[in-house]
Amino acid sequence: MSASIRLCLFAAPGVKLGCQLRPGTTLCQPDRMEILTTANAWQRLARISDAEGRVTAWTREYEAGFPTVFDVYYSAWGDRGRRRDAALRAPELTQRIRAAESRARVLLREAEDDFRDRGLVCEDDLHAVLLVGGHTSNGWVAEHAGQRTLFLALEFLGHPPHDDLLVVHELTHVAQAQLSVATRAQTYPASLAVVVEGVATATTRVVRPGLTDSAYLWMDEGHHQWVDRCRASAPKIATMLLEHLDTPDDADAVAPLFRNVTDQHVPARSAYWAGDQIAQDMLQQGYALRDLLSIAEDDARTWVATWAAAHLRTSG
Ligand SMILES: [Zn+2]
């Protein structure tokens with residue numbers, strides 16, 4: 001067993017990084033991402049012709065085959081109330097799910113290659129789960145089996161190029177967890193959450209250039225006016241951010257900044273726009289993507305406070 005130390009492309013000469021190279025593999029070609037999929041089991045479920053039998057099998061057979069995956073799903077974005085409808089609709093989605101799974105595998109592989117080439121992930125451990133759920137969310141990152149794991153819901157993968165942006169955005173969150181201890185927490189101070197989402201958005205801009213703000217910030221083309229409203233609301237967004245730099249990001253007080261919650265002061269989810277502005281500013285100032293992915297909590301607080309103070313002033 002003569003495993004040697006792999007030198008990553010971004011490392012300075014002589015610097016050893018702690019990634020193990022398996023015997024027989026090529027230098028700087030680490031293990032591929034480990035992908036767990038529920039799609040085959042879902043296809044078996046979809047072939048059950050009796051509708052009520054399919055509803056029963058959704059829980060007893062399909063979900064029961066992946067208990068840890070669905071524990072994570074229902075602790076985050078999943079909704080058990082959607083099971084019945086998802087089971088009833090399954091037969092009409094079989095072609096789409098088959099195509100989405102193939103496409104997701106290609107996108108994950110391409111994104112992993114791009115991140116490794118740029119030195120944005122070094123650890124061999126990259127984990128993804130492809131699941132078919134109840135039509136509640138498209139992609140997210142969560143702890144699964146002790147690993148920070150990229151989850152993609154195949155029924156909501158979307159269309160090119162937005163599906164690709166989703167994969168790159170979520171893989172950025174996995175990379176952040178490898179490089180920044182602060183981002184491994186369950187809950188962040190709002191200022192860190194702003195920067196984490198802004199960096200994921202700005203990284204996607206760099207890795208997949210040439211698309212619209214709406215595409216990078218919403219994975220669709222339906223939010224150009226939202227971008228305009230965020231720009232016009234910058235002083236109000238800045239005021240809210242300064243009041244809540246240390247507020248937990250899941251608190252109701254900051255819900256309009258991070259969630260699809262309407263508020264009379266700021267556009268819903270406008271912290272994503274502000275974070276993207278902040279991350280783009282830092283890149284223009286000469287920070288590398290890897291610096292942004294390695295963000296410490298104090299630095300995130302300073303960056304958000306500085307940006308917000310500057311945009312308060314623009315309000316006169
Ligand atoms: Zn995100």
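Select strand β3 (residues 34-37) together with strand β4, and you will find the two paired in the parallel sense over four bridges, where helices (H or I, at least four residues) and strands (E, at least two) are DSSP runs numbered from the N terminus, and where two strands pair if DSSP finds at least two bridges between them. Within this pairing, I35 stands opposite A128 in β4.

Before going further, note that this is a predicted model, in which local features need pLDDT of at least 70 and side-chain atom pairs count only at pLDDT 80 or more, while totals for chains, interfaces and linings use all residues. Residues are numbered from 1 along each chain as its sequence is written.

**The sheet**

Keep β4 selected and look at its surroundings: four of the five residues of this strand, residues 127-131, are buried, so β4 is largely enclosed by the rest of the structure. A residue is called buried if 20 or more other C-beta atoms lie within 10 Å of its own, exposed if 12 or fewer, and partly exposed in between, with C-beta atoms placed from the backbone.

Next add strand β6 (residues 147-153), which runs parallel to β4 and is joined to it by five bridges; here T149 of β6 is the bridge partner of H127. Then add β5, which runs antiparallel to β6 and is joined to it by six bridges, with W140 bridged to F151 in β6.

With these strands on screen you have an open sheet of four strands in the order β3-β4-β6-β5, with mixed pairing. Strands β3 and β5 (139-144) stand at the edges, each with a single partner strand, so one side of each is left without a neighbour in the sheet. Neighbouring strands of this sheet are turned by 30 degrees against each other on average, direction ignored, where axes are lines fitted to C-alpha atoms, for helices over the stretch in contact, and angles run from 0 to 180 degrees between N-to-C directions.

Helix α3 (residues 67-75) is the element to show now, since its selection belongs with the sheet: α3 packs on the sheet, touching β3, β4 and β5, and its direction makes about 120 degrees with that of β5. Two residues are in contact if their C-beta atoms, placed from the backbone, lie within 7 Å.

**Two helices**

Move to helix α7 (residues 190-207), in which 17 of the 18 residues are buried, so the helix is largely enclosed by the rest of the structure.

Helix α10 (residues 234-243) has among its buried residues A234, I237, A238, M240 and L241. Seen down the axis of α10, its buried residues fall within an arc of 165 degrees, so they line one face of the helix, the arc being that of the directions from the helix axis to the C-beta atoms. An α-helix has 3.6 residues a turn, so residues three or four places apart point the same way.

**Loops to inspect**

Select L120, in the loop between α5 (94-117) and β4, which is buried, with 25 other C-beta atoms within 10 Å. Leaving aside residues up to four places away in sequence, L120 touches F115, A175, L289, R290 and L293. L120 and S294 are 174 residues apart in sequence, yet 9.7 Å apart in space, C-alpha to C-alpha.

For contrast, go to S49, in the loop between α1 (39-46) and α2 (51-62), which is exposed, with 8 other C-beta atoms within 10 Å.

**Backbone details**

Most residues other than glycine have a negative phi, and most peptide bonds are trans. Zoom in on P160 and P161, which are joined by a cis peptide bond with omega of about 0 degrees; P161 lies in the loop between β6 and α6 (162-179).

M219, in the loop between α8 (213-218) and α9 (224-232), has a positive phi of about 60 degrees although it is not a glycine, and M219 counts as buried, with 22 C-beta neighbours inside 10 Å. R269, in the loop between α11 (255-258) and α12 (270-284), has a positive phi near 70 degrees, and R269 also counts as buried, with 21 C-beta neighbours inside 10 Å.

**The whole chain**

Finally, colour by pLDDT, the predictor's confidence in each residue, from 0 to 100: the protein averages 88, and 89% of the residues score at least 70. Over residues 1-29 pLDDT stays under 50, and the model has 33 contacts beyond four places in sequence for that stretch.
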